[in-house]
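Please look through the sequence and the structure shown here, and then read the report that follows, which is meant for someone who has not met this structure before.

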Amino acid sequence: MLNVVDTSLKALIKRRRSGHSLEAPFYRDPEIFKADLDIIFGRHWIYVGVEPDVAEPGDAMVIDIGETSVLIARDDDMKVQAFHNVCRHRGARLITDYKATVGNLVCRYHQWTYGLDGKLIFAENMGAGLDMSCHGLKPVHIRSMAGLLFICLDDNPPDDFDVMARAMEPYIAPHDVRNTRIAHQVDLIEKGNWKLTMENNRECYHCSGNHPELTIPLFAYGFGFNPDTADALSLQEAKRYDDLIATSHGRWESCGLPSAEIEHLDDMATGFRTERLPIDRDGQSQTMDTKVACRKLLGHFNDPQLGGLSFWTQPNSWHHFMSDHIVTFSAIPLTPETTLVRTKWLVHKDAVEGEDYDLENLTTVWNATNQQDADLVEIAQKGVASPAYEPGPYSPYTEGLVEKFCSWYLGRLSADLV
Amino acid sequence: MLNVVDTSLKALIKRRRSGHSLEAPFYRDPEIFKADLDIIFGRHWIYVGVEPDVAEPGDAMVIDIGETSVLIARDDDMKVQAFHNVCRHRGARLITDYKATVGNLVCRYHQWTYGLDGKLIFAENMGAGLDMSCHGLKPVHIRSMAGLLFICLDDNPPDDFDVMARAMEPYIAPHDVRNTRIAHQVDLIEKGNWKLTMENNRECYHCSGNHPELTIPLFAYGFGFNPDTADALSLQEAKRYDDLIATSHGRWESCGLPSAEIEHLDDMATGFRTERLPIDRDGQSQTMDTKVACRKLLGHFNDPQLGGLSFWTQPNSWHHFMSDHIVTFSAIPLTPETTLVRTKWLVHKDAVEGEDYDLENLTTVWNATNQQDADLVEIAQKGVASPAYEPGPYSPYTEGLVEKFCSWYLGRLSADLV
Amino acid sequence: MLNVVDTSLKALIKRRRSGHSLEAPFYRDPEIFKADLDIIFGRHWIYVGVEPDVAEPGDAMVIDIGETSVLIARDDDMKVQAFHNVCRHRGARLITDYKATVGNLVCRYHQWTYGLDGKLIFAENMGAGLDMSCHGLKPVHIRSMAGLLFICLDDNPPDDFDVMARAMEPYIAPHDVRNTRIAHQVDLIEKGNWKLTMENNRECYHCSGNHPELTIPLFAYGFGFNPDTADALSLQEAKRYDDLIATSHGRWESCGLPSAEIEHLDDMATGFRTERLPIDRDGQSQTMDTKVACRKLLGHFNDPQLGGLSFWTQPNSWHHFMSDHIVTFSAIPLTPETTLVRTKWLVHKDAVEGEDYDLENLTTVWNATNQQDADLVEIAQKGVASPAYEPGPYSPYTEGLVEKFCSWYLGRLSADLV
């Protein structure tokens, strides 16, 4: 049975027309969804949150990916570890809430008790027959990159995580994620396959028509356009953007902030891309007035006008780091046709709501943008369900990163299909 | 896989015992449901609404059949056309509401723009590589018969539509559907397979026990009974009905209203049946007092006492045309065990609510009847789900048209199974 | 196809590691769930209610097991009979509510009418072609054991029901179920496979950590513990319990109440176990103050201090009979991951609410306990869904009856798999 499915999936991969959207089964078929969970989300580094999610010893967070439940906990030595959230007795889920603070990890069912290092330390009534050392929690690979947490469910994670980490640490470190606090989190369930969520994230062709708030700070031109058909005003705007990139990058690099694009979206297992991008108007932050939302700046920053460091990873995250706050997104598949988009807004850990920042002002742009994107993903999902749907052409000017996402996805899937 | 299913479906069809209800898989099996959508709803003329649904240029209506979404729009030349509701770029659904009024058809996602004739007329940023002429909306066959709209999703629709149209136009035309207005529409989701909805519609054996409102205007006797076991009162009622038919038909025919039965329920791909039937008591309309609900009569009618022209089609519609209003029904499968029954009440386009008609009075009989039928369909669906269910016998007196529906259905299914 | 599944199920059964929880597919796989319904619930005696559910002639009750709907009715001769709840005409469900009181069984659809003995007595309009004698309701096997009702959907029920009945009648009869009344019933849907519900019921290892109310009347020690690791206080409690068992059993047997354990949980098709157990403190009833909840005692009892006669059956019931009231539970699978737990509290038929008993007081212990168990079943179900779950070891001291349940289940499944 598995063979049959693999063959058909292989055929679908093979006949894919490059530069075109994927065929409908990629967005709907339960077997391909299973392959996505097994291969893409099961064998790659998945972004799941930030160190401030588990700031103190005993803090635990639960991440569910498909049917796998992972608990991430900080131990008394401040080390962040990850385990399968499954009691070794009769399998009960250990931590049932999204977040918890615990001394040890105690199963509610029969009180089997594990240390924060996963070791089984107590199991009443089991008798001498039980080898405690064989019944510890099963570990899950976890890495922190400048405070961003990535897990890998496979026993042999891709070894190019370090390549990404070496490249990205200098970009992200100045924003000092570890000394931030989660000011707000929103979990949005988009009614579409996770790849439609990601494809939507990888282009700004749709921005001018759909994101009135985001296009205040964001230059849509930065994400491509067709120069042959652009009118005079557009070309003038594009020129303004190019000039701004040049002067800003120079200024940022001179104060120790690497800014140049790095792009490995489809040539690494742990694909990623980054670039520090100017912000329009006042140039400070992704807010409705383009000024900082939090007056206590991150890290050692004094200058609010740092634009936004954008960072994208395959398969499931994107992030914007500004001088005053960070917005960080993960996409987790729930069903073939629904996806969890989790957004966290981070501010300096000492920033006080109502004093240093206004929550509404901090979150307006991305709350609006997320909802608009969710609506687009929903009409895309409905559309591809039609038997009349056939893959259409990507714009060579504005959808190049969508193509790179698809190409990375298909390459990783093929690589791991037996 | 498909072969296996077809074989089993063929076996089910072959062993069907004529004059008996169908075996349970016909009402529940997801593969047979898929065959119903592909073959029955995918390759036959499906009734979907009326011309007044899209009365003006730019008016559009969306009809979803299975996963196929169709948009029906009237263009500036007053021509009604139908297209797949799928953008040719990345497949997004074009019209997301049931009804809309538009200038052109603009995709919300990236603003690809199509004329009301389906031609792609604008696609920003795509560059010279895009052949606009190859990326128009995909057309869907649509026909209007005296204002009733039928679509066919197949490229080669059954060619006997014209036979039906020639026969039916003289019956329906006097009611002047094109000059009506939709006074009210109700979408009811019945908890049963679409065939149980249709079977229920094709007999009145259940009327006396379940439809106290409908049996005021309707003669249940007209739908058959067993003369051998009927009591004196019943026989007298039946005689009164036969006499009424004879005199009414004569009167109606004499004023240009064809009234005789035409029956092609199981000998045409586009099966249908019609007959003008007397209404009891005041003889005017399907209302609680059997009098017209709308004082502005349809077309050129002066005489309110025209009974009701009934019209049934395979696989999915039934209609009652009276002197003052029309009630028209379509059944669309949603899942193996749910069906959308859409009811529209049409009145003269110049009739004013509150002045010419009272909406409650207009809709009472069929709102009540529809709900009662939905309840019956639900208990039938629950019943056939039991392993103890086995097909039972149809009454030769009262369920002949149910048998014809089943026989048409099985014939059409066999004809198109490879 | 069926062969493939059976083989894989056989393989799963064969490789089961005794003394360990089952592999995940047993709790989740739709094909195994189907086998559970077909084999376990389709070919064994299933506890469904009590004679007082249908106390009077014409009283009917509907029990749904999977897709099979059964109606249980008492006829005019006070005989309780069971039939498939499916009209022989077009299959409509006959009785649509859980309980009804009727003269005859009349199908709502076309008024086909059956006597309480299942015979078809009226079918209008069918004509002479219908052989009434061939269209009676299909019977279902039903047995009453001291007032407890068991049905078997198979044509050849296990013949060891009589063995259980002969053993159990003397234990249960004194509590006089037939002269009770259902004071209260609660239907709780647990979010777990029915076997997790049953496994949870078959051990009290989880009691001290989860059931603060139940452990007031109940001795958790009675369900096992590890003497090697128990502290002095625990050993002392255990001794107190053993002494109480000895003296109580003597006292109860002397007044005609059999009390000794009978255990056939995994050596009979109709597996069961019973024992009369002391109640802690005042020793009377499973209430918060361990005193009787109803002052009108059952049967001919004068002594309220009779402890609790517990009775468990495979696959789906458990019961506690006290001097003043009875609590009786059935578990019915709804989906692979949900189970209906139906609890009935019975009191003397002449007991008056508010006078002889307070409903809140009567139901507190088990309402609380049921909800706590439902929560445990839910975390167990979530846990076994994880790919990281593997069967863990049962405690040899406290989970022996869970092992017997699993062993009975697997044995019965194998026995009936072709």
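Chain A can be laid on chain B by a turn of 120° and a shift of 0.0 Å along the axis, with an RMSD of 0.0 Å; these values, like all the others in this report, come from a predicted model. Laying chain A on chain C takes a turn of 120° and a shift of 0.1 Å along the axis, and the RMSD is 0.0 Å. Chains A and C are thus related as by a three-fold rotation axis.

Where chain A meets chain B, 23 residues of chain A are in contact with 23 residues of chain B. On the side of chain A that touches chain B, the largest share comes from helix α8 of chain A (residues 359–384), which supplies 6 residues. Sorted by class, that side of chain A has 13 nonpolar residues and 9 polar ones, together with 1 charged residue.

Within chain C, strand β2 (residues 59–65) is a useful place to begin. Of the 7 residues of β2(C), 5 are buried, so this strand is largely enclosed by the rest of the structure. Strand β2(C) is joined by 6 bridges to strand β3 of chain C (residues 68–74), and the two run antiparallel; within this pairing, Ile63(C) has Val70(C) in β3(C) as its bridge partner. The hairpin that β2(C) and β3(C) form has 2 residues between the strands, and in it Gly66(C) takes a positive phi near 60°. Strand β2(C) is also joined to strand β5 of chain C (residues 99–101), again in the antiparallel sense, by 3 bridges, and here Ala60(C) stands opposite Ala100(C) in β5(C).

In chain B, an open sheet of 3 strands has the order β6-β7-β8, with antiparallel pairing. Its edge strands, each of which pairs on one side only, are β6(B) (105–106) and β8(B) (120–122). Strand β7(B), residues 113–114, pairs with β8(B) over 2 bridges in the antiparallel sense, and Tyr114(B) has Leu120(B) in β8(B) as its bridge partner.

The table gathers the strand pairs for which a number of bridges has been given.

| Strand pair | Bridges | Sense |
|---|---|---|
| β2(C) and β3(C) | 6 bridges | antiparallel |
| β2(C) and β5(C) | 3 bridges | antiparallel |
| β7(B) and β8(B) | 2 bridges | antiparallel |

As general background to such pairings, the side chains in a regular strand alternate between the two faces of the sheet.

Conventions: Residues numbered from 1 in each chain as written. Chains lettered and ligands numbered in written order. Predicted model: local features only at pLDDT ≥ 70, side-chain atom pairs only at ≥ 80, totals over all residues. Buried ≥ 20, exposed ≤ 12 C-beta atoms within 10 Å, placed from the backbone. Helix = DSSP H or I, 4+ residues; strand = E, 2+ residues; numbered from the N terminus. Pairing = 2+ DSSP bridges. Contact = placed C-beta atoms within 7 Å. Nonpolar A, V, L, I, M, F, W, Y, C, P; charged D, E, K, R; others polar. Least-squares fit on C-alpha atoms with pLDDT ≥ 70 in both.
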